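I sat down with this structure to look up how its parts touch one another, and I kept short notes as I went.

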Amino acid sequence: MNTENAVMMTVNGNEVSRTIPARRSLAEFLREDLNLTGTHVGCEQGVCGACTVLLDGRSVPSCLVLASQADGCAVSTVEGMANGQDLHPIQQAFWQEHGLQCGFCTSGILMTVYEFLLRTHGPSEEEIRRTLAGNICRCTGYQNIVKAVMAADRMWER
Amino acid sequence: MRPSPFAYISVRSVDEALQALADYGEESKLLAGGLSLVPLLNVRQVRPRHVIDLGRVDELNYIRLQDGGLMIGALTRQRTVEDSMLVRDHCPLLYEAIKQIGYVRIRNQGTIGGAIVHADPLGELPAVAIAAGARLHVRGLRGDRVLDAVAFFTGGGTTALAHDELLLAVEFPAWVGSVGSRFREFSPGGSGYAIVGVAAMLSIDDAGLVQRIGLGLMGVADCPFDAAFAAAGLLHGRTPDAAVLTQAADAVATAITPNSDLKGSAAYRRHLARTLTEQTLKDAAGQARPYPMH
């Protein structure tokens, strides 16, 4: 029984290929094989949202997706957001509004918000809070995260 | 924890999937989105030697009208169903319920077929399938069959699906008469796993009398629960006024035998089931209109 297989995918615009154990999750692949440790692993049950990445442009819990399922796909992680030294407008907004404290949940929140704001212009606070309900933050109390998302909505030309 | 080692097989067609099931037998497991299966793999509750990934079987990804009802390919992502105008127009119950599954990232990856086959007693889609009288189209090497949702869920997380069979599509047939539906679930904090949920659908004939009722309950048994039997006798051929619908909800609450756990006692679950059944039946009766809506 061959428990390894080859995968090839585009991660933040770069093509990567590796041979990996079939049981490896996408989160583990990003962190251990590609050293992209910005994606954090919290609950490993799809509940906390810390591991959220974009798979072909749609947010997914990378702890519950096998890396092999992403074979041939495009993956975007928090490392792909900034353009060199220039923060992405969402990142800029989180910095300005103090939308983070310890930062563990932040990369997952940024990916969730990226997808949300691409689909939603001028969201209400209620919509923002409902979206953020899937990303657990135990530091901030969410007030500044909500402010940051509102600021990002204004700052990001899309 | 990590899953036990397995071999990963990616198939491109239904035929390839059925062949792989035949080749690898009982030690294999089909993988759709993975949101139900991967957590079970991670805690080693299931330890397949072969995982057969259906994610690239494009022929199972579609939403179309058929005989006035909806036919949805088993590999269609829940988010695609949620975004579909066809679903909004032709099965509002499904649209209403699917928005309440987990979070966006869960619905982006989760499929309609995967959620039904896993028969989670707390799953929204099995309850909707029961209430709407969904028909499950199944294929095996021995042939095709079509199963009613109520016969599909056989208790304790099991289904009538044989190991060498594959769910092809979920059909939501058109109902005749004026049709109304409502889905409601109760979760602490308003998101995440629900404690109890109810999917209700009913149709009313030209004389204003109830002619058909579907009721699927979440969180009141070890499997998705068909409660129509408890309410049908009271409602059939009657005008669905408030008193009759309250009686029906009482009958449903008496017919269930929920378990107690950390999230809610049996008495609390029975209370929620009664309240949500009453609310959903009243809403469904109140908004009943000819089907399908255009």
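These entries deal with chain B, taking its contacts with chain A before the contacts between its own domains.

**Entry on the two chains**

I noted at the start that this is a predicted model. I then looked up how the chains meet, and I found 23 residues of chain B in contact with 24 residues of chain A. Which elements of chain B each supply at least two residues of the side that touches chain A? I wrote down β1 (7–10), α2 (37–42), β3 (50–53) and α6 (104–109) of chain B. Of what chain B presents to chain A, the most comes from α6(B), which gives five residues. When I sorted this side of chain B by class, I got 12 nonpolar, six polar and five charged residues.

**Entry on the domains**

I next looked up how chain B is divided, and the assignment gives domain 1 (7–53), domain 2 (58–172) and domain 3 (184–287). For domain 2 and domain 3 of chain B, I recorded 21 Å between their centres, taken over C-alpha atoms. Between these two domains of chain B, 21 residues of domain 2 are in contact with 18 residues of domain 3.

**Entry on the domain 2 side**

On the side of domain 2 of chain B that touches domain 3, I listed α5 (92–98), α8 (124–131) and β8 (153–155) of chain B as the elements that give two or more residues. Which element gives the most to this side of domain 2 of chain B? I found that α8(B) does, with seven residues. By class, I noted 14 nonpolar, six polar and one charged residues on this side of domain 2 of chain B, the one that touches domain 3.

Conventions:
Residues numbered from 1 in each chain as written. Chains lettered and ligands numbered in written order. Predicted model: local features only at pLDDT ≥ 70, side-chain atom pairs only at ≥ 80, totals over all residues. Contact = placed C-beta atoms within 7 Å. Helix = DSSP H or I, 4+ residues; strand = E, 2+ residues; numbered from the N terminus. Nonpolar A, V, L, I, M, F, W, Y, C, P; charged D, E, K, R; others polar. Domains from an automatic or database assignment.
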